[in-house]
Amino acid sequence: MGMSVTISAATEQDAEQIFRLQYLCFQTEAALYGNYRIDPLVQTLDSVREEVGRDCVFVARLGDEVVGSVRGSVTDGGAAAIGKLCVHPRLQGHGIGARLLRAAESALADQHGATRFRLHTGHRSEGNLRLYRRVGYETVGTSQGADGVPMIVLEKPAGTYAATA
């Protein structure tokens, strides 16, 4: 019997699995830029635990295994920053990322009053850019990551949730 992937709010018990998954998933991003000091790879487990306790964090589960995650928090002015979206490499391309985005967007708008969503990704991350544009994000600018990676900043208004696959 097959299992389906479920999306739910993360708990403190998920922090270690999120930490390990993030480290695995962002290896390809690091290789793309030749920079293994990008934030998701140098973040500490304690920092992930803090984010799970403080921010709006969702996970995708296959049975007991965390196979995807995303984080978001509302900033000044009603904008919600969404980040560190990742899906286990063996499950990418099945709509899990879009489902995680929708869960985060919905909670950030409905429970935290977000009026728009903002995220960023590296300028060479074509797969990420395709996903974000497909679910309604538009480029609003560029920035430089603390790690030196040129980033594309994307945004969309709340209420235009990600479509599920």
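This passage looks at strand 7 and its partners, then at the two largest pockets. The model is predicted, so to speak on paper: local features need pLDDT of at least 70, side-chain atom pairs count only at pLDDT 80 or more, and totals for chains, interfaces and linings use all residues. Residues are numbered from 1 along each chain as its sequence is written, and side-chain values use heavy atoms, with hydrogens and water left out.

Strand 7 (residues 150-157) is mostly covered, with six of its eight residues buried (under 20% relative accessible area, 1.4 Å probe, protein chains only). Strands here are DSSP runs of E, at least two residues long, and helices are runs of H or I, at least four, numbered from the N terminus. Strand 5 (residues 116-122) runs antiparallel to strand 7 over seven bridges, and His120 sits opposite Val153; pairing takes at least two DSSP bridges. Strand 6 (residues 138-144) also pairs antiparallel with strand 7, through six bridges, putting Thr142 across from Ile152. Five residues separate strands 6 and 7 in a hairpin, and Gly148 in the turn has a positive phi of about 95°.

Strand 7 turns up again in the lining of the largest pocket, as do strand 5 and helix 6 (126-134), among others. A pocket is an open set of points on a 1 Å grid over the protein atoms alone, where a 1.4 Å probe fits, with protein on both sides within 12 Å along at least five of seven lines; lining residues have an atom within 4 Å of a point. This pocket holds about 1300 Å³ of space, the volume being that filled by probe spheres set on points joined across faces, edges and corners. Of its 50 lining residues, Phe26, Leu85, Thr121, Asn128 and Tyr132 are the closest to its centre.

Technical notes. Buried < 20%, exposed > 50% of the residue type's maximum accessible area, 1.4 Å probe, protein only.
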